[in-house]
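Student: I am new to this structure. Could you take one part and go through it closely, then show how the rest fits around it?

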Amino acid sequence: MPPSKALVRGFMVTVALFGCSFQPKDGPSGGGTNPSNFDGSAGLDRTFVSGETGVVTGDACPQNNFMANNLPPDLLIVLDRSGSMNQDSTGAMLMAGDPNTKWALMTAAIKSVVMQSQASVNWGLKFFGTGTSGCAVANVTAVDPATMTAAAIISAIDAPANQPGTSTPTRAAEISAGNYMAGRTNANPKYILLATDGEPNCAAGGGGGGNATDGPGAIAAVTTVAGMGFPTFVIGIAADAEAGTTLEGMAVAGGRPRAGGNPSYYSVSTTADLQAALTAIQSLTALPCTFQLGGVPSNLTAVTVTVGGQVIPMGEWTYGAGNRSVVFPDASAICTQLKSGAIKDVQINLPCGVTVIP
């Protein structure tokens, strides 16, 4: 597929698999630059043109040179290690280490897909719960999202201390993951991949024990994190109808339901199912429908977006997390054409006087 391009008030940048971010680089004089200076304060029309190398040339404001970098998505796997993960897909308890447990099925697929795509996706890993029992969730990750993390993720999954044996504090895990993503300062698109076997059982005020159903709390937490700008994909093995209802609610609330719905979560019962789901999710996050701005426009309403010479009104596109990107919805006609290569050029115009704040 030919590379797509985005012109940002003179930035002609190649949008490859993951979109682009505009990072500061030294100008012709050798002095450092700051994206906050990209404001056209001299009142000049700015014409930035770059080819596939991403290097900006023809800058009417030479102190403001930028380089465009392809950015892989950050995908944080939030992995359920509750005791019920030692059941099989029907809910029958098996011995730890049995290859038919939900834990074995999920982790085998995660290992395989992460290994295959680690060069193009920033995979990370967070477990829930924390410790040997109960509903605790530590505000840490086992592996921070980055490229080439397969070995670290496999090692963390195989570590004896991370084997199943806790309750299911989904609500706390999702909020912790969202707060972690909010603390990452890179411009990469960010997603959470929640892999669980169903019904959360750590309600607020439950005293740390796993004895209080918390489906509504988990759905509310996913809603909160999506509102922070971090969509959640949900992969689940539902042993009963109640668990399926919660998985369905979380998948819809996360903003990235499975295409076609019924169910909206990625329902898996075998390693092959999970590999297919993970591959599909990885592909969805890598499609060129998000254009990173490298900062936040000081006047959000002044930005205009043009596709094929036609101005596209806001509503048909939105700002991404933190107002740092322009996003065409996955199901939109424009995104579909970007994926197919039918559209190659997108213009994102920031008029003079608009400051891009890093």
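**A salt bridge and its surroundings**

Tutor: Start with Lys111 and Asp158, whose side chains meet in a salt bridge at 2.6 Å, N to O. Lys111 sits in helix α1 and Asp158 in helix α2. The two residues are 47 apart, so the pair links distant parts of the chain. Keep in mind that this is a predicted model.

How open is this pair? Lys111 has a relative accessible area of 22%, which makes Lys111 partly exposed. Asp158 is partly exposed too, with a relative accessible area of 43%. The cut-off for buried is under 20% and the one for exposed is over 50%, so both values fall in between. Side chains of opposite charge can pair when their charged atoms come close.

Now stay with helix α1 and move to Lys102. Its side chain meets that of Asp197 in a salt bridge of 2.9 Å, N to O. Lys102 belongs to helix α1, while Asp197 lies in the loop between β8 and α4. This pair also links distant parts of the chain, with the two positions 95 residues apart in sequence. Are Lys102 and Asp197 buried or exposed? Both Lys102 and Asp197 are buried.

The loop between β8 and α4 also holds Asp214. The side chains of Asp214 and Arg171 meet in a salt bridge, again given from N to O, at 2.9 Å. Arg171 is in helix α3, residues 170-182, so this pair ties together parts that are 43 residues apart in sequence. Asp214 is buried, because its relative accessible area is 7%. Arg171 counts as partly exposed, at 24% relative accessibility. Set aside the neighbours of Asp214 within four places in sequence. Asp214 is then in contact with Arg171, Glu199, Pro200, Asn201, Cys202 and Ala203. The count of salt bridges in the structure comes to four.

Next, the nonpolar core. Nonpolar side chains tend to be buried together in soluble globular proteins. Here the largest nonpolar core has 31 residues. Leu79, Trp123, Leu125, Leu193 and Ile235 touch the most other members. Several elements give two or more residues to this core: β5, α1, β6, α2, β8, β9 and α6. Helix α1 gives the most, with six residues. Helix α1 therefore has two roles in this account: it carries Lys111 of the first salt bridge, and it is the top contributor to the core. A second, separate core holds 21 residues, including Cys335, Ile348, Leu350 and Val354.

Turn to the strands. Six of them form an open sheet in the order β7-β6-β5-β8-β9-β10, with mixed pairing. The edge strands are β7, residues 143-146, and β10, residues 266-267; each pairs on one side only. Helix α5, residues 241-253, packs on this sheet. Helix α5 touches β8 and β9, and its direction makes about 160 degrees with that of β9. Look within the sheet at β5 and β6. Strand β5 covers residues 74-80 and β6 covers residues 122-128. They run parallel, and seven bridges join them. One partnership is that of Asp74 with Asn122 in β6.

There is another open sheet, made of three strands in the order β11-β16-β15, with antiparallel pairing. Its edge strands are β11, residues 290-292, and β15, residues 318-319, and each pairs on one side only. β15 and β16 pair in the antiparallel sense over two bridges. Tyr319 has Val326 as its bridge partner in β16.

Tyr319 also takes part in an aromatic pair. The structure holds three aromatic pairs. In one of them, Trp317 and Tyr319 are edge-to-face, 5.2 Å centre to centre, with 80 degrees between the planes. Trp317 and Tyr319 are both buried.

Last, step back to the whole chain. The protein has seven helices and 18 strands. Of its 358 residues, 50% count as buried. Take the contacts between residues at least 6 apart in sequence: 71% of them join residues at least 24 apart.

Technical notes. Residues numbered from 1 in each chain as written. Predicted model: local features only at pLDDT ≥ 70, side-chain atom pairs only at ≥ 80, totals over all residues. Heavy atoms only, no water. Phe/Tyr/Trp six-rings, centres within 6.5 Å; stacked < 30°, edge-to-face > 60°. Buried < 20%, exposed > 50% of the residue type's maximum accessible area, 1.4 Å probe, protein only. Pairing = 2+ DSSP bridges. Helix = DSSP H or I, 4+ residues; strand = E, 2+ residues; numbered from the N terminus. Contact = heavy atoms within 4.5 Å. Axes fitted to C-alpha atoms, helices over the stretch in contact; angles between N-to-C directions. Core = buried A, V, L, I, M, F, W, Y, C linked by side-chain atoms within 4.5 Å.
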